[in-house]
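Here is a walk through one protein chain, from the overall layout down to single residues. Have the viewer open while you read.

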Amino acid sequence: MGFSYNKLWKILIDEEMNKTEFQKAVELSPTTVAKLGKNETVNMEILARICDYFDCGIEDIVSYSPEKRKYENKDK
């Protein structure tokens with residue numbers, strides 16, 4: 001699964017803020033908002049700005065679930 005910003009989108013709903021208002025308030029580029037929308041990684045500084053704006057911790061805006069990866073069996 002990887003990163004999920006569903007918690008962030010819930011905050012926006014609770015604050016009655018759309019993505020354009022969010023982008024302007026936190027001074028994000030449209031590309032960054034698109035990355036968040038696709039659950040892609042973004043710079044930690046971006047996440048810090050979001051946390052500062054909403055006065056919350058990183059765990060309040062993002063969650064991470066490790067992806068299952070296939071590893072070679074080196075004991076062959």
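## What counts as buried

Let's settle one term before anything else: buried means under 20% relative accessible area, exposed means over 50%, and partly exposed sits in between. By that yardstick, buried residues make up 30% of the 76 residues in the protein chain. Keep in mind that this is a predicted model.

## Overall layout

The protein chain has 4 helices and 2 strands. Following the sequence, you meet them in the order β-α-α-α-α-β.

What about contacts between residues that sit far apart along the sequence? Taking the contacts with a separation of 6 or more, 60% of them join residues 24 or more positions apart.

## The nonpolar core

The largest nonpolar core holds 20 residues, and those with the most contacts inside it are Leu8, Phe22, Leu36, Ile50, Phe54 and Ile61. Two or more residues each come from helix 1 (6–14), helix 2 (19–26), helix 3 (30–37) and helix 4 (44–54). Helix 4 gives the largest share of this core, with 5 residues.

Phe54 is a good residue to click on here. Which residues does Phe54 touch, once those up to four places away in sequence are set aside? They are Leu8, Ile11, Leu12, Glu15, Met17 and Phe22.

## Where helix 2 meets helix 4

Two packed helices are described by the angle between their axes and the distance between the axes. For helix 2 and helix 4, the axes come within 10 Å and cross at roughly 100°. Angles of 65 to 115 degrees count as roughly perpendicular, so helix 2 is roughly perpendicular to helix 4.

On the helix 2 side, the contact is made by Phe22, Ala25 and Val26. Helix 4 answers with Arg49, Ile50, Tyr53 and Phe54. Sorted by class, the contact has 6 nonpolar, no polar and 1 charged residues.

## Salt bridges

How many salt bridges does the structure hold? There are 2. One pairs Asp14 with Lys10, with the closest N and O atoms 3.0 Å apart. These two are about one helical turn from each other, because they are 4 residues apart in helix 1. Both Asp14 and Lys10 are exposed.

Glu45 forms a salt bridge with Arg49, and here the closest N and O atoms are 3.2 Å apart. Both of these residues lie in helix 4, 4 residues apart, about one turn of the helix. Glu45 has 41% relative accessibility, so it counts as partly exposed. Arg49 has 27% relative accessibility, so it counts as partly exposed too. You have already met Arg49 in the contact between helix 2 and helix 4.

## Two residues to look up: Phe3 and Thr32

Phe3 sits in strand 1 (residues 2–4). Its relative accessible area is 32%, so Phe3 is partly exposed. Leaving aside neighbours within four places in sequence, Phe3 is in contact with Asn39, Thr41, Val62, Ser63 and Tyr64. Thr41 makes a nice example of a partner from elsewhere in the sequence: Phe3 and Thr41 are 38 residues apart in sequence, yet their C-alpha atoms are 7.1 Å apart in space.

Thr32 belongs to helix 3. Is Thr32 buried or exposed? Thr32 is buried, because its relative accessible area is 12% and the cut-off for buried is under 20%. With neighbours within four places in sequence left out, Thr32 is in contact with Val42 and Ile46.

## Two positive phi angles

Most residues other than glycine have a negative phi. Glu16 goes the other way, with a positive phi near 55°. Where is Glu16 found? Look in the loop between helix 1 and helix 2. Glu16 counts as exposed because its relative accessibility is 72%.

Asp55 also has a positive phi, about 50°, although it is not a glycine. Asp55 lies in the loop between helix 4 and strand 2 (63–65). With 72% relative accessibility, Asp55 counts as exposed.

Key
Residues numbered from 1 in each chain as written. Predicted model: local features only at pLDDT ≥ 70, side-chain atom pairs only at ≥ 80, totals over all residues. Heavy atoms only, no water. Core = buried A, V, L, I, M, F, W, Y, C linked by side-chain atoms within 4.5 Å. Buried < 20%, exposed > 50% of the residue type's maximum accessible area, 1.4 Å probe, protein only. Contact = heavy atoms within 4.5 Å. Salt bridge = Lys/Arg side-chain N within 4 Å of Asp/Glu carboxyl O. Axes fitted to C-alpha atoms, helices over the stretch in contact; angles between N-to-C directions. Parallel < 35°, antiparallel > 145°, perpendicular 65-115°, else oblique. Nonpolar A, V, L, I, M, F, W, Y, C, P; charged D, E, K, R; others polar.
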